[in-house]
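Here is a friendly walk through the strands of this model and the core they share. Please keep the sequence and the 3D view open as you read.

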Amino acid sequence: QVQLVESGGGLVQPGGSLRLSCAASGRILSLNVMGWYRQAPGKQRDLVAVITSGGSTNYADSVKGRFTISRDNAKNTVYLQMNSLKPEDTAVYYCNAAVRTNWSEERAYWGQGTQVTVSS
């Protein structure tokens with residue numbers, strides 16, 4: 001069993017910053033790509049940023065230059081530093097990880113989601 005536990009969400013004013021964390025625990029042999037997604041009510045869940053085990057990153061165009069994804073492989077943790085936040089960033093943010101739980105099995109796991117609200 002694998003669990004992804006997110007933290008760091010909350011209410012922030014436009015232009016402010018938040019740092020999200022997601023720690024994976026359980027029967028983990030290794031973590032491959034990890035990422036952050038977000039979803040507003042009634043909207044599709046969209047990719048925000050991803051990072052490979054080697055540290056390569058990709059970002060949605062809407063967050064480039066403002067958000068930074070990083071990871072600590074020793075802690076099985078991925079982070080999302082969000083700066084210059086805009087109201088349109090308001091969403092539930094979900095952590096995702098490709099987890100190898102057995103030598104021959106890998107699957108994607110999701111965190112429970114954390115609310116980020118950007119409002120004045």
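Val-5 stands opposite Ala-23 in strand E3. That pair belongs to the antiparallel pairing of E1 with E3 (residues 18-26), which runs over six bridges. Strands here are DSSP runs of E with at least two residues, numbered from the N terminus, and two strands count as paired if DSSP finds at least two bridges between them.

A word on the source: this is a predicted model, in which local features need pLDDT of at least 70, side-chain atom pairs count only at pLDDT 80 or more, and totals for chains, interfaces and linings use all residues. Residues are numbered from 1 along each chain as its sequence is written, and side-chain values use heavy atoms, with hydrogens and water left out.

E1 and E3 are part of an open sheet of four strands, in the order E1-E3-E8-E7, with antiparallel pairing. Strand E1 (2-7) and strand E7 (67-72) each have a single partner strand, so one side of each edge strand is left without a neighbour in the sheet. From one strand to the next, the twist averages 15°; the angles are taken between N-to-C directions of lines fitted to C-alpha atoms, and run from 0 to 180 degrees.

Now to strand E9 (residues 91-102), which runs antiparallel to E4. Its pairings are set out here, each with one bridge pair.

| Partner of E9 | Sense | Bridges | One bridge pair |
|---|---|---|---|
| E4 (residues 30-39) | antiparallel | eight | Leu-31 with Val-99 |
| E10 (residues 105-110) | antiparallel | six | Asn-102 with Glu-105 |
| E11 (residues 114-118) | antiparallel | three | Ala-91 with Val-116 |

E9 and E10 also form a hairpin, with two residues between them.

Which residues have the most contacts inside the largest nonpolar core? They are Trp-36, Val-48, Phe-67, Val-78, Leu-80, Met-82 and Tyr-93, in a core of 30 residues. Such a core is a set of buried Ala, Val, Leu, Ile, Met, Phe, Trp, Tyr and Cys residues joined through side-chain atoms within 4.5 Å, where buried means under 20% relative accessible area with a 1.4 Å probe, protein chains only. E1, E3, E4, E5 (46-51), E7, E8 (77-82), E9 and E11 each supply at least two residues of this core. The largest share, five residues, comes from E9.

Met-82 makes a good place to zoom in. Leaving aside neighbours within four places in sequence, Met-82 is in contact (heavy atoms within 4.5 Å) with Gly-16, Ser-17, Leu-18, Leu-20, Arg-66, Phe-67, Tyr-93 and Val-116.

Conventions. Buried means under 20% relative accessible area, exposed over 50%, partly exposed in between (1.4 Å probe, protein chains only).
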